[in-house]
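Trainee: Please give me a close look at the salt bridges in this model, and then at the helix packing and surface features that help to place them.

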Amino acid sequence: MSQSVVPDQAVEGRTLFGHPIGLTNLFGVEMWERFSFYGMLTILGYYLYYSTTEGGLGLDKATGVGIVGAYGGLVYLSTVLGGWIADRILGMERTVFYGGVIVVLGHLALALIPGLAGVGIALPLIALGSGALKANASSLLGTLYPKGDARVDGGFTLFYLGINVGAFVGPLLTGLLQSRVGFHYGFGAAAIGMALGLTQYAVFRRNLGDAGREVPNPLPRTALPKLVAVLAAVVVVVAIAWATRLVTLDNLADVTTGVIVVASLVYFVIMLTSPKVEPVERTRVRAFIPLFIANAVFWSLFQQIFTVLAVYSDERINWSIFGWEAPSNWIGSVEPVWIIALSPLFALMWTKLGSRAPSTPRKFAFGVIGMGAAFLLFVPLAGYSGKTVPVIFVLLIMGGFAVSELLLSPIGLAVTTQLAPKAFRAQMMALYFFSVGIGTSMAGVLARFYSDENETGYFGVIGAAAIAAGLVVLGLVPWISRRMEGVH
């Protein structure tokens, strides 16, 4: 029996382009959060491995890009904590707000505290805050639509437009500030952006009505001592692992990937065995498993924009534009330009097609295949040294990234809210972000195998592997669709 969420009646009648008015508030807070996240992430790798004379910390390049991948993975790993807090303690709406507060504090630490001390304080704070905000903003949007509402893919595509406006503007501004006045000014701009988003969210919270205010599975007071003990144990384990060098800066991406994989398996088992999950909901969770794997494959390629392609941009791309040399860290803003241009078209297309649109599993398959094909387009550009790759070629390849992303990522957000068991709504979204986290940390792991001498093999093998994974998903479409139980 499908479940539906009935939004607050005072807000329900107000719409924007045919969508619930609450979309505007979530669009804004997510835009500014992504402004701060991608603005910081685009220059983080350079900050870690540039020499001290260039304003960086002078780490080994492979270590630096590995940390970037691991950090991205930790952001998505922390979504489970944000989802758990929403489901058991605060509700989604308040968790979004407090997550934003923690993100601001993290960016301020990175901007104001020099050296590895600032990195060590800031990255965990930003990871925790972003994890809380991301999972719950997306889930909160899903509650504005009843199950089976044909508008949901279009709504999430508009939401995704907000994400990419922030992802476009953030790196442009932080990149200019980093190249002109220094890294810490770029990090400061990220803090200001998130503060603006948090202010907007607080002022217009009424647009959400009662959505996300309910705590669906409240934590009993008697469980608080156990919760404190578990948190203390986690802190002790992390401290011991770091002190004994089981976890180091060099292997952080590997450890992060492993932790997220194990956590994902645990969560799937919990949802598939919980008595709070109805039989039809359990079947939908099984349908989600191959989509989860496909999503991880996609993001392991896409997130290399901030690892391998950041290095590629700095060392291989000729950024001369009509005689002006653009900052190489603008690589993070290229793909969002395509998303901004194409998102309204995709939103209109999905809304117009309605139930006649390709099913979600087919969209996932095409997205993964497209991402692999885009990677293969780097192969003809290999075999040269120095900054010989014309930026226009990379702009076109990023268009392939964007089309693939629009086929998969906003659709993944939408289908997760539709397949989620009622008792695990926010945590199901956290599980979706686990797949993004696995891909993101894998982008750091894979980065170790890249060099300008082996570009043909690197881009060729990874691209072909992604295409093969997409074809497997395409073959599983009938099996997945049957188990989605009415969700298109």
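Mentor: I will begin with the conventions, go through the charged pairs, and then turn to the helices and the surface.

This is a predicted model, in which local features need pLDDT of at least 70 and side-chain atom pairs count only at pLDDT 80 or more, whereas totals for chains, interfaces and linings use all residues. Residues are numbered from 1 along each chain as its sequence is written, and side-chain values use heavy atoms, with hydrogens and water left out.

A salt bridge is taken here as a side-chain nitrogen of Lys or Arg within 4 Å of a carboxyl oxygen of Asp or Glu, and by this rule the count comes to four. As general background, side chains of opposite charge can pair when their charged atoms come close.

One of these pairs joins Glu 315 to Lys 61, with the closest N and O atoms 2.2 Å apart. The two partners belong to distant parts of the chain, since Glu 315 sits in helix 12 (residues 308-315) and Lys 61 in helix 3, 254 residues apart; helices here are DSSP runs of H or I with at least four residues, strands are runs of E with at least two, and both are numbered from the N terminus. Glu 315 is partly exposed, at a relative accessible area of 31%, and Lys 61 is also classed as partly exposed, at 32%, where buried means under 20%, exposed over 50%, and partly exposed in between (1.4 Å probe, protein chains only).

Another salt bridge pairs Asp 254 with Arg 448, whose closest N and O atoms are 2.4 Å apart. It too links distant parts of the chain, with Asp 254 in helix 10 (residues 252-273) and Arg 448 in the loop between helix 16 (425-447) and helix 17 (455-475), 194 residues apart. Asp 254 counts as partly exposed at 32% relative accessibility, and Arg 448 is partly exposed at 35%.

A further pair is formed by Glu 455 and Arg 316, the closest N and O atoms being 2.8 Å apart. Glu 455 lies in helix 17 and Arg 316 in the loop between helix 12 and strand 3 (317-318), so this pair ties together parts that are 139 residues apart in sequence. Here both Glu 455 and Arg 316 are buried.

Helix 3, which carries Lys 61, also takes part in helix packing. Helix 3 (residues 61-77) packs against helix 6 at an angle of about 40°, with their axes 7 Å apart. That makes helix 3 oblique to helix 6, given that angles under 35 degrees count as roughly parallel, over 145 as roughly antiparallel, 65 to 115 as roughly perpendicular, and the rest as oblique. The axes are lines fitted to C-alpha atoms, for helices over the stretch in contact, and the angles run from 0 to 180 degrees between N-to-C directions. Helix 3 passes helix 6 in a right-handed crossing; a crossing is right-handed if the near helix is turned clockwise from the far one by less than a right angle, and left-handed if anticlockwise.

The loop between helix 6 (115-143) and helix 7 holds Leu 144, which is buried at a relative accessible area of 6%. The C-alpha atoms of Leu 144 and Leu 208 are separated by 8.3 Å, although these residues are 64 residues apart along the chain. Beyond that loop, the axes of helix 7 (residues 152-180) and helix 8 (residues 183-203) come within 6 Å and cross at roughly 155°, and the two helices are therefore roughly antiparallel to each other.

Just as Asp 254 belongs to helix 10, Arg 245 belongs to the loop between helix 9 (224-243) and helix 10. Arg 245 has a positive phi of about 65° although it is not a glycine, and it is exposed, at a relative accessible area of 61%. Most residues other than glycine have a negative phi.

The axes of helix 11 (residues 279-302) and helix 14 (residues 360-376) come within 10 Å and cross at roughly 25°. Helix 11 and helix 14 are therefore roughly parallel to each other, and their crossing is left-handed.
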